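Welcome, and thanks for taking a look at this model. Please have the sequence and the 3D view open side by side as you read.

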Amino acid sequence: MTQFIIHLHKTCEGGGVNSRASSCVASSLVRKFDHFPPAILHALGQAAVGLSISDIETSITGKDLEASLPTLGAVHGWNADQASAIINKLLLSGYQIPDGQSLAKLGSLVAGLNSSTLRNLSPKVILEAIKLPEFVQQMVTLPSTLKMIFVEKISSSVGHPADLVKYIPDALASYIPKSLLVFGEEKPNIQDLNSKTWTPEQAAVFFSDVIKAEPDFSRLSQSVLQGFTCAAASETEAERFQELAKVMKKKNVKLGEDQLSCLVKLVTLHGIPKDLDSYPKDLLLFLSPSDYAETGSCVQYFTHIGEANLDVLQRESSQRKQLLLEALACLKIPGTQINEENAEILGHLVCDLGGEYIRSSGGNLLKQLSQCGSFLPDQEEAIRSVISSGNTTFGPPVAWSAFTLSELSGLIPVFDHSILQKIPKNALTLWLKNFAHDSPLSREQLGTIVEELLPTRHKRADAGCPPGKQITEMVLDDDTMPIHYPPKELHACLKNVSLENHLSQILTYPFSVEQLAVLKTHLDETYPDGYPERLLPKLDSLLSFVTPADISKWKITSADTLAGLLESQPPNEQASGIINRYVGLGNALGATALKAIGTKYVCLLNETELNKIDSNSLKMVYLDPSACSQPTKNILYAKAKHAFSGQHYAIPAYYELIEPYLGGAPAEDLRALSRDNVNMKVSTLAKLRRDSLMSLTPSEVRGLLGLNLRDLPEWQNTSPIREWIRMQKQPELDELNIGLTGGTQEGYINIVTPKFQTPSSASLGTVAMALHLLPALLISLVMMSILS
């Protein structure tokens, strides 16, 4: 038996154990055997990953599956449908999970557990299983929904943050809610924190506790260091931040714009350091060539800038524009032509060059441009012009190979039909097969490539599936399937094919828009009364084709189904319909549902839905409603304040939890924060509730902003900061010593001019009466001011 399987491996794909070879081996065995007893499954080993859903459901008994668990649980690469099919059959045949050993025995198949089964397990079973190293290894590949449930189970049994950090497997650490990582009076175990991978938002909550507990910053992990916050600046001496910044460079810590902006203030508190090369390159984005003068030349400065993460700054920000202008001046580039040497120096700054530079420089910029994340329309047009000319080191598109496409993969989304049609079809096909997986292109962008490869001649609508094109299990397992089935053929060949057990897999393939529409039509024909709930989380890229009428037929009975639907990030219109359908069926907006909704969709919730949120659920999620309407911000702030009230004693951890919700905070709460050294960002100040902001004094704003006060002048001409300044007394603004102007001078008062309706919408008599009374009103206000 074993020799036969070895022979099959050699026959299929030259003996490899990739997914196609495994499918080939499994399908060959299906033709030879009626069922798969443990002996055959053991002989298959890793190749068992090629078993089809129908093989699992019809050719293996539940008893044989349980007997083969040691083998099947060691197989890696199961897709969600395979793992789910095996687990469901095991459970239906009577498999029990009474303890940690039984759970761990599932091995890689644990990803096939459904949410309800996992939630019904005792926390004790989970805690036993995660103590077994072989089981912990399986946590990495779990779907996010299961990871969250594991975290909920573990955290419900652990009383202290330090214990939670100690016991949680690294693969689950990033799923711990921020509110559970507030140490307060408890001292964190630095070694345990260093051994886990955290999100920046998580690390920000405990960063202040860490720097108080750890004197040697070099002992902190990259993951912990990325949690640096300006609010933590008040917890340690300013001089130590230069040491911290140097450690960050050594450990290649990535920080965001607000973090870097704060860190550079601390580093330069007593002047510009002479050894700027010892600091993270990204800090230089907030300095200038003159600041760098004592360290090196402007060319060296812009060489570092070119290697920095330019995306830290907003694309059209004045800082980025100024950096580019200064770089061009430093390199003495008078015109718009840039040679390869200067392109190397500019590095990421090339991404900001206008179309005229790209055209004039020919192919000199293509290498750097291929690293850019996105382009403006003018840049895209220029890139297409340069590529189409053929006057580059890559030659004309008609001469390109799959390797050429691999080198230019970052530019492929810019290519239009006129370029794509010139590229040899075999080069495109080979690139899709061998290089597409490692490219930065999305599934949708790859779909446009597939569209170019499909024949342009359409067959008659009544033509059936061509001979040899029948869609089998092997066809469905082939990720190059889209290039072999034009839309009309795909529709014809899908007849009598069930996609239910393959939908998750095939929707990762690069189907064109037309092909996706065919798949949607096929599902509509299969389920005319609405898709079954088990299918909903698998819809993925088909969601954009879904109509309100479709959604009205769905039975969304669990938060996990909602999470599966929203994980695909459908457009707001579809997402709103899905959320309304979920709530309309009487489901609660608990922690799982709120995690699914997240910041992306929280603004879609109406007042009724918002009021149904349990405050305790907010402890388990991260939401940022700063882009929502004021009523939404007000409701969520009140709930967040109640949820995090237990952490109020732990500043700045409390501030990290409440900061996203401050757009709904009343003035009295902001005044309390102004006494807590929170170092609020000016961008947060600008998003505060308007009436709350207007009632704050300059000294209270100073208390809120702290180190960030010096950033306020950059915002003084933008609303609502501009209006706040106008309402303040100029002498009080002068006390801030940051050059703010526009406040009220001594002896003057600000009078808000009454807004009258125009004659077209109010009677002229009413307007005349208002104008007649205005002088008396003004005299009264002045007299009151003098007498007071």
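## A word on helices, and the overall picture

Helices here are DSSP runs of H or I with at least four residues, numbered from the N terminus. With that in hand, we can place loop residues by the helices on either side: N677, for instance, is found in the loop between α43 (667-673) and α44 (682-685).

The model is a predicted one. Its chain has 49 helices and 0 strands. Of its 788 residues, 52% count as buried. Taking contacts between residues at least 6 apart in sequence, 65% join residues that are at least 24 apart.

## Two nonpolar cores

Let's go inside. The largest nonpolar core holds 148 residues, and the members that touch the most others are L103, L106, F150, W198, F228, L369 and W431. Helix α19 (residues 257-267) gives the most to this core, with 6 residues. A second core lies apart from it and has 95 residues, including L535, L673, L705 and I725.

L106 is a good place to zoom in. Once its neighbours within four places in sequence are set aside, L106 is in contact with L69, G73, I87, L90, Y95, I97 and L113.

## Two helix pairs

How do α29 and α30 pack? Helix α29 (residues 425-434) and helix α30 (residues 443-453) meet at an angle of about 145 degrees, and their axes are 10 Å apart. Their crossing is left-handed. On the α29 side the contact involves K425, L428, T429, W431 and L432, while α30 brings L446, I449, V450, E452 and L453. Sorted by class, that makes 7 nonpolar, 1 polar and 2 charged residues. W431 also appears in the list of core residues that touch the most other members.

The other pair is helix α36 (residues 559-566) with helix α37 (residues 572-584), which pack at an angle of about 180 degrees with axes 11 Å apart. Because angles over 145 degrees count as roughly antiparallel, α36 is roughly antiparallel to α37. Here A559, L562, L565 and L566 of α36 meet A575, I578, I579 and Y582 of α37. By class, the contact has 8 nonpolar residues, with no polar and no charged ones.

## A covered helix

Is helix α38 (residues 591-601) mostly covered or mostly uncovered? It is mostly covered, with 8 of its 11 residues buried. The buried ones are A591, T592, A593, L594, A596, I597, G598 and Y601. They pack against several helices: α9 (115-119), α12 (144-157), α40 (615-618), and both members of the pair above, α36 and α37.

## Backbone spots to check

Some backbone angles deserve a glance. Most residues other than glycine have a negative phi, and most peptide bonds are trans. The peptide bond from S719 to P720, however, is cis, with omega near 5 degrees. P720 lies in the loop between α46 (698-705) and α47 (721-726).

Two residues other than glycine have a positive phi: D540, near 45 degrees, and N677, near 55 degrees. D540 sits in the loop between α34 (513-526) and α35 (548-552). How exposed are these residues? Buried means under 20% relative accessible area and exposed means over 50%, so D540 at 32% counts as partly exposed, and N677 at 47% counts as partly exposed too.

Methods: Residues are numbered from 1 along each chain as its sequence is written. This is a predicted model: local features need pLDDT of at least 70, side-chain atom pairs count only at pLDDT 80 or more; totals for chains, interfaces and linings use all residues. Side-chain values use heavy atoms; hydrogens and water are left out. Axes are lines fitted to C-alpha atoms, for helices over the stretch in contact, and angles run from 0 to 180 degrees between N-to-C directions. A crossing is left-handed if the near helix is turned anticlockwise from the far one by less than a right angle, and right-handed if clockwise. Contact means heavy atoms within 4.5 Å. Ala, Val, Leu, Ile, Met, Phe, Trp, Tyr, Cys and Pro count as nonpolar, Asp, Glu, Lys and Arg as charged, and the others, Gly among them, as polar. Angles under 35 degrees count as roughly parallel, over 145 as roughly antiparallel, 65 to 115 as roughly perpendicular and the rest as oblique. A nonpolar core is a set of buried Ala, Val, Leu, Ile, Met, Phe, Trp, Tyr and Cys residues joined through side-chain atoms within 4.5 Å. Buried means under 20% relative accessible area, exposed over 50%, partly exposed in between (1.4 Å probe, protein chains only).
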